[in-house]
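Hi,

Here is the structure I promised to pass on to you. Have a look at it first, and then read on for what turned up.

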Amino acid sequence: MIDSFAAAGPAPLRVWNRLIQHAAASGSYADCLRRYASLLAAGLRGDASTFPSLAKSCAALRLPRLGRAIHARGLLAGAAVSSDAFVRASLVDMYAKCGCLPDARRLFDETPRRTLVAWNCIVSAYGRSSRAGEAVAVFNAMRRAGVRPSGSTLVGVLSGCVDAMAARNLGVCVYGYSVKSGLDADLLVSNSVLTMLVRGDQVDDARLLFDSVENKSVVTWSAMASGYLQNGDYATVFDLFSLMRGTEQTMDSVVLVNLIAAAVLFGNLLVAKGVHALVIKGGFECQDDLAASLVNMYAKCGDLLSAREVFDSAHCNNVVLWTSMLNGYVECGCPDKAFSLFDSMLRANVEPNKATVLALLSACSNLGSANLGEKVEENVVAMELQSDLQVSTGLIDMYCKCGNIQNARKIFDGVTNRDLAIWSAMINGYAYSGEGSEAVVLFSEMQNEGLQPDAIVFTHILTACNHSGLIDEGLHCFHSMTVKYGIEPSIEHYMCMVDLLCKGGHLSSAMKFFRQMPVRLQNQVLAPLISAHSAHGTGSSIEFMSEELLNQDSRDSGHCVLMSNMLSCLGEWRKARSYRKLISKEGLVKEPGWSYIELSG
């Protein structure tokens, strides 16, 4: 079309403006900027109708340098352009969306006649940057200036009130203003408040608001569903979807992503296939994000064949899809297939990302292959991810599980800004390598650096003490956990301590720990207690067994075998036979142990 204008002679500015505006409105932002370049080549400058579309295009493409150049061109075009309220508002919006918030605020402050659009642009800029305090301050200044806020103003403020509790308190005040001013009837405002409540885990309050909204949009339904999802309430998500279908509300990809997430939580393959059918019926099966979500859903439900069918039929070739399939193989216990897929991924020229690397490290851990782990580490270095804490933690964990504690420590020592997770991984590595003293030293170093251990770290250090027979250190750590840090012991902590004390022959101390435990947890530490009593020739094991304890986990084969053996040793033959009969009657099977070995490694 531009060529035809050139052949017919110079086109008037209004024609160029229509072309530029049409390109920006249709999302062809690069074309919009190219047409402006042609306008300049034709010897024209543009006017107040030209520059808003150009600013919008720079904002969409995140081109701040070009945006500044266009701003300069606007100034050169004359006072009629540079002082136009709509032009200035579009430039404020452009600077804000390009991450140049100080420039946006400076231009806003220099604007003599601020329109509602200009106020909304700067409010939304602060909101998008999660600077709720500044957004509210501008909102209040707007009201003092006599400009009546609109629904878009409130949406801009509320967008900054979703992350922190203090910001959400401001958001509730803004919602109160919306009710008082009648702007709560604006669906965009209701959706913003609903999102804020959901992000703040105020699901009950969100549901009250949701039920009060009459003309719900698909965004309203999706926001409410996401609230139930983050609480793991997949059943209500499905109920909500049924209600939505009854209103004949059209679905979008976000609704389907929520349904897929609910199916993952449910873990039922039949439901998963039903959700997949809805995706196909809605014509969304070709969307990249949905294909990856479907692969993940089937893998979580244990159906790798269906996951692979979705993967093979997908028309996209992005790293998210490949990583979803690779991670599915890892989680379903097929690490060899994960590495085979990774080789195919590289041959397809798909660049792996951090999530891919973390999945591969899990596969190496499952295989127990340090050789494969070293190859993954080479990829980490090539991708320049060695400084990433999550990746470093994954490498340490992998090398520890593969029995190469030296490589793990080398990576640990190379990390300067260590977080709790990386200390925990290294301590756990020493625990399972039988190097309890090293774990205790590292645990002390961690505390000296000001990091406060959590329940997981204490599980690791108590495991280290247990494996190495460090009774005094174990007792000290347990006391520190409960008294100094106020952490309530879990079954893992009790198990470590009872086992440690039993192995060391401290039966009375072990029994003290046993009696402190809730009855529902006591059966899980019976094995070390019974073994210790038997090893030390103590025939009073039955004395600490209440009937309630004996009858717990009656459908667990390991519990039944343990009870039968213990009662047989004590001469309680009739009771022992009753547990053996229970195994046959219930069809219980003792799961066999298994292990991996690496040949020629």
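**A pair in helix H8**

Asp103 and Arg106 sit three residues apart in helix H8 (residues 101-109), which is about one turn of the helix. Please keep in mind as you read that this is a predicted model. The two residues form a salt bridge, and the closest N and O atoms of Asp103 and Arg106 are 2.7 Å apart. Their surroundings are worth a look too: Asp103 is buried, at 18% relative accessibility, whereas Arg106 is partly exposed, with a relative accessible area of 45%.

**Other salt bridges**

How many salt bridges are there by this rule? The count comes to 15. As general background, side chains of opposite charge can pair when their charged atoms come close.

One of these salt bridges links Lys97 with Asp93, with 3.2 Å between the closest N and O atoms. Lys97 and Asp93 are four residues apart in helix H7 (residues 85-97), so about one helical turn separates them. Lys97 is partly exposed, at a relative accessible area of 33%, while Asp93 is buried, at 18%.

Another salt bridge joins Arg131 and Glu134, whose closest N and O atoms are 3.2 Å apart. Here Arg131 counts as partly exposed, with 35% relative accessibility, and Glu134 is partly exposed as well, with a relative accessible area of 32%. Coming back to the pair in H8, salt bridges that share partners bring Arg68, Asp103 and Arg106 together in one network.

**A closer look at helix H7**

Is H7 largely enclosed or open? Eleven of its 13 residues are buried, so H7 is largely enclosed by the rest of the structure. Among the buried residues of H7 are Ala85, Val87, Arg88, Leu91, Met94 and Tyr95. Asp93, the partner of Lys97 in the salt bridge, is also one of the buried residues of H7.

The length of H7 can be checked as well. At 1.5 Å a residue, the 13 residues of H7 should span 18 Å, and this agrees with its end C-alpha atoms, which are 18 Å apart.

Both ends of H7 have something to show you. At the start of H7, a side-chain oxygen of Asp84 comes to within 3.0 Å of the backbone nitrogen of Phe86. After H7 comes Gly99, which has a positive phi, near 80 degrees.

I hope you enjoy exploring it!

Best wishes

Note on methods. Residues numbered from 1 in each chain as written. Predicted model: local features only at pLDDT ≥ 70, side-chain atom pairs only at ≥ 80, totals over all residues. Heavy atoms only, no water. Salt bridge = Lys/Arg side-chain N within 4 Å of Asp/Glu carboxyl O. Helix = DSSP H or I, 4+ residues; strand = E, 2+ residues; numbered from the N terminus. Buried < 20%, exposed > 50% of the residue type's maximum accessible area, 1.4 Å probe, protein only. Expected span 1.5 Å × (residues − 1). Polar contact = N/O pair within 3.5 Å; in protein donor to acceptor, adjacent residues only side chain to side chain.
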